[in-house]
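Please keep the sequence and the three-dimensional view side by side while you read, and look up each part as it is named. The paragraphs below go from strands to sheets, and then to a pocket and some unusual points of the backbone.

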Amino acid sequence: MNWINGMRNITIISSRGDPASANIAEKLKAMRQWRAAENSCFTTSTHGHFTLVEMDEYHIYQDGIDDKLEECGIESNLIIFASKHRSENGRKILTVHPTGNTGEPMLGGRPRELAIPAPQAMRNLLCTLHKRSIDTEFGATLEATHHGPTMLHTPSLYVEIGSGEEEWVDDGAGEIVAEAILALQCADVPIAVGFGGGHYAPRQTKLTLEAEVAFGHIFPNYQLERLDEEMIREAFLKSDADFGYIDRKAMRANLRNKLIETINRLGYNVLREKEIRGRG
């Protein structure tokens with residue numbers, strides 16, 4: 001199934017105050033012929049089924065942005081937030097992740113609320129970023145669910161350049177991300193909710209790149225204690241997930257068993273890595 005054919009409108013949100021976001025927007029506009037759109041609310045341009053929205057405000061505080069877009073006549077089936085990634089380790093990295101807060105919000109969004117992710121699009125973007133960055137100093141990875149916005153009725157994702165000021169304005173990185181967005185084509189593969197591991201979800205990333213699976217929400221070890229049955233149910237429903245995946249080596253047995261019991265009680269199976277690979 002060519003998922004993108006069903007997507008009538010893909011909206012890319014760029015923040016002028018974010019140097020990586022501005023970098024990606026600049027590369028998008030240089031790669032295609034965009035038509036300025038009449039709009040009293042936002043600076044907007046269109047190309048095919050893509051709409052590029054440029055704003056002064058930062059992405060993470062854009063709860064309800066899809067409602068605002070609709071009020072201004074911009075319909076969206078998918079929202080892509082083009083952004084910077086900040087990390088003290090200074091890694092040259094391109095990341096993709098869903099948004100949500102498992103506790104009190106630190107960076108936008110509402111407490112204990114998850115946005116609707118776009119698993120198939122995240123998978124495709126990650127695979128394209130990986131392929132196009134393989135001969136560069138940049139790596140590509142998923143990240144765990146974190147920060148806002150959370151209050152959206154439209155599927156969304158973040159795609160980012162990291163991890164510092166030099167990388168945010170890197171022309172090559174901006175071009176890779178822009179190319180990946182414009183080349184978005186998504187197969188229909190099973191969807192999992194991921195649990196365990198570090199923030200950069202190494203096992204979930206590896207599975208996404210190597211197996212027939214897409215991940216919706218991903219919760220690393222540091223978030224697991226905040227997850228209750230209600231939030232786990234929300235993660236499965238909003239991800240439209242088929243099963244759960246647990247990085248078994250990354251957590252204690254008692255926590256792993258408790259997670260499996262909760263997921264099973266909600267009516268979902270937990271598959272091991274070899275089972276996911278076998279489905280392909």
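Helices, of at least four residues, and strands, of at least two, are runs assigned by DSSP and numbered from the N terminus. With that convention in mind, one can place Ser163 in strand E10, a strand that covers residues 156-163. The model you are looking at is predicted, and the values given here are computed from it.

A good place to begin is strand E4, which consists of residues 50-55 and includes Thr51. This strand is mostly covered, since six of its six residues are buried, and a residue is called buried because its relative accessible area is under 20%. Thr51, at 10% relative accessibility, therefore counts as buried. In a regular strand the side chains alternate between the two faces of the sheet. In E4, Phe50, Leu52 and Glu54 point one way, whereas Thr51, Val53 and Met55 point the other way, and all of these are buried.

What surrounds Thr51, once its neighbours within four places in sequence are left aside? Its contacts are Ile10, Thr11, Ile12, Trp34, Thr44, Ser45, Thr46 and Ile74. One of these, Thr11, also stands opposite Thr51 in E4. Strand E1, residues 10-15, is joined to E4 by six bridges, and the two run parallel. Strand E3, residues 43-47, is joined to E4 by five bridges, but here the strands run antiparallel, with Thr43 standing opposite Glu54. E3 and E4 together form a hairpin that has two residues between its strands, and in the turn Gly48 has a positive phi of about 55°.

Further along the chain there is an open sheet of four strands, which follow the order E12-E11-E13-E14 with parallel pairing. Its edges are strand E12 (214-219) and strand E14 (270-271), each of which pairs on one side only. Within the sheet, E11 (residues 191-195) and E13 (residues 243-246) pair in the parallel sense over four bridges, and Gly194 has Tyr245 in E13 as its bridge partner. Two helices lie across strands of this sheet: helix H3, residues 119-133, lies across E11 and E12 and runs at about 100° to E12, while helix H6, residues 202-210, lies across E11, E12 and E13 and runs at about 175° to E12.

We can now turn to the empty space in the model. The largest pocket holds about 550 Å³, and among the 25 residues that line it, Ile60, Met106, Leu107, His146 and His147 are the closest to its centre. Strand E5 (78-86) gives the largest share of the lining, with four residues. By kind, the lining divides into seven nonpolar, eleven polar and seven charged residues.

His147 also deserves a look for its backbone, as its phi is near 55°, a positive value in a residue other than glycine. His147 lies in the loop between E9 and E10, and, with a relative accessible area of 10%, is buried. Arg112 likewise has a positive phi, near 50°, but Arg112 is partly exposed, with a relative accessible area of 33%, and is found in the loop between E7 and E8.

Where, finally, are cis peptide bonds found? One leads from Gly148 to Pro149, with omega near 0°, and Pro149 lies in the loop between E9 and E10. Another leads from Gly162 to Ser163, with omega near 15°, which brings us back to strand E10, the place of Ser163.

Technical notes
Residues are numbered from 1 along each chain as its sequence is written. This is a predicted model: local features need pLDDT of at least 70, side-chain atom pairs count only at pLDDT 80 or more; totals for chains, interfaces and linings use all residues. Side-chain values use heavy atoms; hydrogens and water are left out. On a 1 Å grid over the protein atoms alone, a cavity is a set of points where a 1.4 Å probe fits but cannot get out, and a pocket is an open set with protein on both sides within 12 Å along at least five of seven lines; lining residues have an atom within 4 Å of a point. Grid points are joined across faces, edges and corners, and a volume is the space filled by probe spheres set on the points. Ala, Val, Leu, Ile, Met, Phe, Trp, Tyr, Cys and Pro count as nonpolar, Asp, Glu, Lys and Arg as charged, and the others, Gly among them, as polar. Buried means under 20% relative accessible area, exposed over 50%, partly exposed in between (1.4 Å probe, protein chains only). Contact means heavy atoms within 4.5 Å. Two strands pair if DSSP finds at least two bridges between them. Axes are lines fitted to C-alpha atoms, for helices over the stretch in contact, and angles run from 0 to 180 degrees between N-to-C directions.
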